[in-house]
Each structure stands twice: as structure tokens, then as C-alpha cells.
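Biologist: Could we go through this model together, with the reasoning behind each label spelled out? I would like to hear how the calls are made.

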Amino acid sequence: MIQISNLCKEFAAQEIFVDVSWRIGRGDRIGLVGENGTGKSTLLKILAGLVEPSSGTVRPAKGCTVGYLPQEVCGVAGKGLFAEVMSALDDLRQIEIEMEHIARTMESAQHGSVHDALLERFGLLQEEFRAKGGYARESVVGNVLRGLGFPPSDWEKDCGTFSGGWQMRIALAKLLIRRPHVLLLDEPTNHLDIEARNWLEGYLAEYPFSVVLVSHDRFFMDQVCRRITEVWNRTLTDYHCSYSRYLIEREERVERLREAKRRQDEEVARIEDFISRFRSKADKASLVQSRIRQLEKIERIVLPPERKRIRFAFPEPPRSGRIVMELRNLTRAYGNHVVLRDVSLTVERGERIALVGHNGAGKSTLMRILAGDPFQEGVREPGANVALDYFAQDQASALDGGRTVYEEILAEAPYDTVPTLRDLLGAFLFSGDDIHKKVDVLSGGERNRLALAKMLLRPSNLLLLDEPTNHLDLFSKDVLLDALRSFSGTVVFVSHDRHFINSLATRTVEVGGGTLRSFDGDYEYYLEKTGALADAAEQSTGGLPSRPDDREGGEKASQKRERLLSREEEKQRQRSERARVKRLAELEDRIERTESELALLERSMGEPGYFSDGDRAREGSALHSSLTAAIADLYDEWEALHAQG
């Protein structure tokens, strides 16, 4: 789809890419990875045609269209949400307008060459309109909006009423329904909740063209990408595998490079020693010159920089009681809107509880209540000796803008952690002169990272973390994850990063509909349990709810239930798949018959004298509209079923 040859790019005399040749093939799913500042976003902009290379060529295939989603988008306003997203298909609207104009012209046109030309043009436009999904465009837009988290009640709202994160979703929706041949996405999961990320994973996995993306969501990349391209040392290196496999293959490759460099260094040292010993001897001059030329021809092996592995441990917190926090029959409402209704939750020492649910379900409200915010009814009872720390989504607003980054973190650092402060700041992407920047000049993401780094210094035994992984790269997430895994206290957190949740959570609590549902396990376990068939669950448990207290004594029975549920789910999946395939075949047959009927009608309408009979012309036009609408409905259903495959 796109061929890059001998590409070079410089910014202010700094080389970003040197002599890069690279190719995006049809259907590729490519994840760009690399340190911050290596040029991932620059490469996307070059591919999108927004930045010119210093030299070299970028050659897209003939007719190739490119769509680009930047990290930051400009907000839109003035149109309703549905209309704004539909505007991305203006080319289809232009085809539709021309078809309507031709239809009106044909009604009054005299039969002959002009009429025949109009009819031929109408047929070509109709075929193009159908091929581009014109008859299904409204349902496609609706599906994309629902998938990205916009309920139908929002579709008529002015786009200007949506916040920055939702504006990004609007831009993403418009880009997806355009269906460019090469889709370039720079951090597409920013501001997406788990449900929207899951939907986007499925959409991109089935996308019929090529996708190139940058993401700091490891699980998302594993689900979507089949090829990883590492951006490093001003060039690109391909790994034809998932991100998790790339980490292994990269380490193996670096180890091979280390060994090759060791042997090369030995050879170079041997040659240099020979040159040094015999340079002054005339009878060895030709041999010395030969060795010098040999040395000049050696292409030196360059190793990828070994990023210092930073491990940070929380200060040992004071020990709390067994019950860390208890909520009983608690209700929280904003006016007439009840977010939490009569909910109860017990948090025990050492738990890592992940709160999940769609945006607006009440996760942040629950976190604030755990942190001490007021509520209308019920009881909030902290346990014995509990010292909590709360990281809010807007935690950055509490920073002192007059301090430098280093001064801000030093102000609250325990004495014994001072030697590790620079390492900690480096883990959260503050290196070199960055630590001397004033907090006031930091971006929103940088402020969030600094606020999180500060929190890691304080010896609290209950950590409440609301979206701590926002604005962290993969390396920083690993630093945070390692620290939380080894933390001896209790953690309640909200995150949209599935790898982070699965690696940390010991319990998952679903927030939604004003209620809480608890599942003893990580997010994958939660998905498995909530996706299981209710009747199979009742059959395997005798219709009685299972109790967490029974887990130790009933492990074998639990495993048996899991196998039964898994088999039942597989049977149901197979039944659904058979029904889907059968219905697809029926629809394809009906589409073929209806299109044949429409083709016969159009041939009749093209015959001389057809429109001279007014009654016949009206009946034919009505039938034409009816058949066209029927075909559109059939295609809608066919596409919806096909997308489920």
C-alpha cells in the first residue's frame, strides 16, 4: 500500500531517520514501538503527508487513501453528533444527489441517446453507491457510535457539548467510517474505556485494509497487531509477531548482537594491535596498510541502548486491620440522578480490587466516597489504623506550579528515598534537564505523571488510584505495576488497561446501574463469568449462589463447573455460528434474486416508449424504489451478520 525508500528526516540538525526503507502491505496490522522521542509520531505524520521527509520517497499505491488520527484533535461544534459523523461520507451524499437529479431528469427526458446516457450513468452511480455502502451508511454510523460509547440519546446533541476525550472519539468515528486503505492511529485508546477499547480491538481486527498504530496499551497491541516495527537508532526493524512475542524476540536478537559485537571487538582489537606493533617497520608496510583498509571496511555493530531497569518499592506502610474499609447500604445521588443505590462493599487487607464499568457508571464516584467524599445514605467505616492516599484523575491540579519537577517531588520525599528520586523521575519520563522544568510549563500528561510519582513516596496502607496508567508509556506502566505488586498494603484502582488489570487485580468489582457486583479474580475471569450462560450456571450450582468462603474446600467442584460452563459456551457459540452462516446464505440468495429483478426492471425502463405511458412509468418508478430499499435492507442485515463472524 505504501513504499518508503531511502527516507531521511532531520529536525533542527538532529537526525530522526537515516536511509530508511520500509513497506506497508495490504492488510498489515503494524504496531510502532520505541522510546519516547524516537520518531513514532513523526513517522505517522510523514505517512499521512503532513510532514515532508528531508530526502527519500514515500510512494503510496495508485488510488490508496490514508486516514490519520493524531494524539490531540481539534474539537468540532455546530452540528449534531450523528450529522457530524455522517459528514465524513459526503462523497456518498454527492453520489446520492446526482442520482436523484438524474432520476428527475429521466422522467421528462425524450427517449434517445440522451436518455440512454442518463440511464447508463444512473446505473454506474448506483453500483458505486452500493459498493461503497451507501445504502447501509446510517446503520454503519450508528454501529460505530454505539461501539465508541455514544448512546442513541447523544446522537442529536451538538458536538460542541462534548469534552476533549469525547471529541477524540468523534474524530475516530469519522475516520473509521471513511475506511481509508491505510489507517494511521496515534494513541487511539486514549480516553477510551474498556468497553470501547474491546469494541475497537474487534473492529480493527476485522478491518479490510491496513492499520499502523502507536499505543501504550499492551493488551490492545497484542489483540490487534500481527507485526511490530521498532523505531530505534534512526531506523526501523520489523518483527512479524505480537507485542508480547516481540519482547522475547527482541531480547534474543539483542543477545545475538551482543555476542556478535564481542567477537567483532576482539577482531578489531587484534587488527589494531597488529597495526600498532608493525606500523614503524618498513618491511611490514604493505601488511599494515592492508590491515588499515580492512579495519575501515568493518561495519561496526551498534547495540540498542539498555534502558536502565528501574525498580521502585513503596515505603513499608503501617499495618492495618483485616477490614480496611466497609461501605454498608450506601446511596449517592446528584439531584435526581442516583449513581449508587443501597450498595455495600468490604475491602480486606492485601486485596487489589479493580473497579470496572462503562464511562459514567459511577467508578470515580465510588472512589471519591472511599476517599471520604460525602453521600446521602448509608455507612462508610474505615478499618483500624488505615492511612489512605487517593490519586484522582485531576490529581495534577494539586501540584505547586512555582516549583521545579525535582523540587516538587523532593518536598514530600522521605529522607531515605532521596537517593532514588532521579531514577523514579526517569521511570516516569523526566530525564536530563526535564527535572528542572517548572511545574507550570508541564503538559497535562506530564503533570499527571509527576503526581503519580509523588504518590509512590508516601507510606500509606490503602491506595485509591483512579486511572493511574493514563499518560504512561509501556515502560512506566511496568515500573508502576512492579511497585504495586510488591506493595504490602491494599489497592483499589480504576484502569482501562486490561494488561494492567489482569496483572494486578485479585478481585474485580463491576459498577453499573447503581449497583455493585463482585468477582474473585482478574478482568479475564470477570469477562468469563459475566459472559457465561445463566442457565448453565444455575444447573452447575443447583440454582444457589456460590460463596467466596467456599473456594478453598470446593476447588475441584469449581473447576468442574468451569469446564461445564466452557463446554456449554462452546456449544452455544457453535449453534449461533451455524444459524449465522445459514442466515447469510439465505440473505445472499434473496439479494441475488432481488438484484436480478431490479436489473430486469431497469432494462425495461430503458426501452423506448416506457415513460410515454404515465401509469406504467409511475408503477415502474414505485417498484424501482421498493426494490432498491429492499436491497438496502438486505445488505444492512448481511453486513451486520458478517461483522459478527
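Biologist: How do you know that strand β1 pairs with β2?

Modeller: Two strands pair if DSSP finds at least two bridges between them. Seven bridges join β1, residues 2-11, to β2, so the pair meets that cut-off. The two strands run antiparallel, and one of the bridges links K9 to F17 in β2. Do keep in mind that this is a predicted model.

Biologist: What makes β2 and β4 edge strands?

Modeller: Each of them pairs on one side only. The open sheet has three strands in the order β2-β1-β4, with antiparallel pairing. β2 covers residues 14-24 and β4 covers 55-60. From one strand to the next, the twist averages 20 degrees.

Biologist: Which helix lies across that sheet's strands β1, β2 and β4?

Modeller: That is α1, residues 40-48, and the helix runs at about 125 degrees to β1.

Biologist: Why are β8 and β9 called a pair?

Modeller: The cut-off is at least two bridges, and β8 (227-232) and β9 (235-239) share five, in the antiparallel sense. The two therefore count as paired. W232 stands opposite T235 in β9. The hairpin has two residues between its strands, and N233 there takes a positive phi near 55 degrees.

Biologist: What makes a positive phi worth pointing out?

Modeller: Most residues other than glycine have a negative phi. Two further cases here are N329, with phi near 50 degrees, and N385, with phi near 60 degrees.

Biologist: Where do N329 and N385 lie?

Modeller: N329 belongs to strand β10, residues 323-334. N385, on the other hand, is in the loop between β13 (377-382) and β14 (388-391).

Biologist: Why is N329 called partly exposed?

Modeller: Buried means under 20% relative accessible area and exposed means over 50%. N329 has 44% relative accessibility, which falls in between, so the residue counts as partly exposed.

Biologist: And for the protein as a whole, how many residues does it have, and what share counts as buried?

Modeller: There are 645 residues, and 44% of them count as buried. The accessible surface comes to about 32,900 Å², with 48% belonging to carbon and sulfur atoms.

Biologist: How many helices and strands are there?

Modeller: The protein has 20 helices and 18 strands. As for contacts between residues at least 6 apart in sequence, 69% join residues at least 24 apart.

Definitions and conventions
Residues numbered from 1 in each chain as written. Predicted model: local features only at pLDDT ≥ 70, side-chain atom pairs only at ≥ 80, totals over all residues. Heavy atoms only, no water. Helix = DSSP H or I, 4+ residues; strand = E, 2+ residues; numbered from the N terminus. Buried < 20%, exposed > 50% of the residue type's maximum accessible area, 1.4 Å probe, protein only. Contact = heavy atoms within 4.5 Å. Areas by Shrake-Rupley, 256 points an atom, 1.4 Å probe, with all protein chains shown as cover. Axes fitted to C-alpha atoms, helices over the stretch in contact; angles between N-to-C directions.
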